[in-house]
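Subject: Structure for your review

Dear colleague,

I am passing on the structure we spoke about, together with some notes on what was found in it. Please have it open while you read.

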Amino acid sequence: MNLELVCKDYGYDCEFVAEGKDSEIVMREFGKHVEKEHGLEYSKESLKQMFQNKYNKK
Ligand SMILES: [Zn+2]
């Protein structure tokens, strides 16, 4: 299963999509992108939360 976090889904006017098979990698890529492009830093916990909300994982 391919996992992804879409920047647009979080209110940015941006086409960036972080994707991959490993949630750790997707979270890291997304976090890096948001920090670099949007000047916002998400903690590992909030990235995890976003991911869990999206994929409803326990
Ligand atoms: Zn973005």
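The expected span of a helix is taken as 1.5 Å times one less than its number of residues. By that reckoning helix α2, which covers residues 44-55 and so has 12 residues, reaches 16 Å from its first C-alpha to its last, close to the 16 Å expected. Please bear in mind throughout that this is a predicted model.

Helix α2

Is α2 largely in the open or largely buried? Of its 12 residues the number buried is one, so α2 lies largely in the open. Two of its residues may serve as examples. Lys44, which has its place in α2, counts as exposed because it has 11 C-beta neighbours inside 10 Å, where the cut-off for exposed is 12 or fewer. Asn53, also placed in helix α2, has 9 C-beta neighbours inside 10 Å and therefore counts as exposed. After the helix comes Asn56, and its phi is positive, near 55 degrees.

How the two helices meet

Helices α1 and α2 pack with their axes 10 Å apart and at an angle of about 120 degrees, which makes α1 oblique to α2. The crossing of the two helices is right-handed. Which residues meet there? From α1 they are Ser23, Met27, Phe30 and Gly31, and from α2 they are Leu47, Lys48 and Phe51. Once residues up to four places away in sequence are left out of the count, Leu47 touches Met27, Phe30 and Gly31, and it touches Tyr42 as well. For Lys44 there is a distance to add, since its C-alpha atom and that of Gly31 are separated by 8.2 Å, with their positions 13 residues apart along the chain.

The nonpolar core

In soluble globular proteins, nonpolar side chains tend to be buried together. The largest nonpolar core in this model is made up of seven residues, namely Leu5, Ala18, Val26, Met27, Phe30, Val34 and Leu47. Helix α1, residues 23-38, supplies the largest share of this core, with four residues.

Phe30 is a useful residue to follow, because it belongs to helix α1 and is buried, having 23 other C-beta atoms within 10 Å against a cut-off of 20 or more. If its neighbours within four places in sequence are set aside, Phe30 is in contact with Leu5, Ala18 and Leu47, and each of these three is listed in the core. Leu5 and Phe30 are 25 residues apart in sequence, yet from C-alpha to C-alpha they are 6.8 Å apart in space. Asn53 and Phe30, by comparison, are 23 residues apart in sequence and 15 Å apart in space, again from C-alpha to C-alpha.

The start of the chain

Asn2 is found in the segment before β1, the strand at residues 3-6, and it counts as exposed, with 7 C-beta neighbours inside 10 Å. Which residues does Asn2 contact, leaving aside its neighbours within four places in sequence? They are Glu19 and Lys21. The C-alpha atoms of Asn2 and Glu19 are 6.8 Å apart, while in sequence the two residues are 17 residues apart.

With best wishes

Terms used
Residues are numbered from 1 along each chain as its sequence is written. This is a predicted model: local features need pLDDT of at least 70, side-chain atom pairs count only at pLDDT 80 or more; totals for chains, interfaces and linings use all residues. A nonpolar core is a set of buried Ala, Val, Leu, Ile, Met, Phe, Trp, Tyr and Cys residues joined through C-beta atoms within 7 Å. Two residues are in contact if their C-beta atoms, placed from the backbone, lie within 7 Å. Axes are lines fitted to C-alpha atoms, for helices over the stretch in contact, and angles run from 0 to 180 degrees between N-to-C directions. Angles under 35 degrees count as roughly parallel, over 145 as roughly antiparallel, 65 to 115 as roughly perpendicular and the rest as oblique. A crossing is left-handed if the near helix is turned anticlockwise from the far one by less than a right angle, and right-handed if clockwise.
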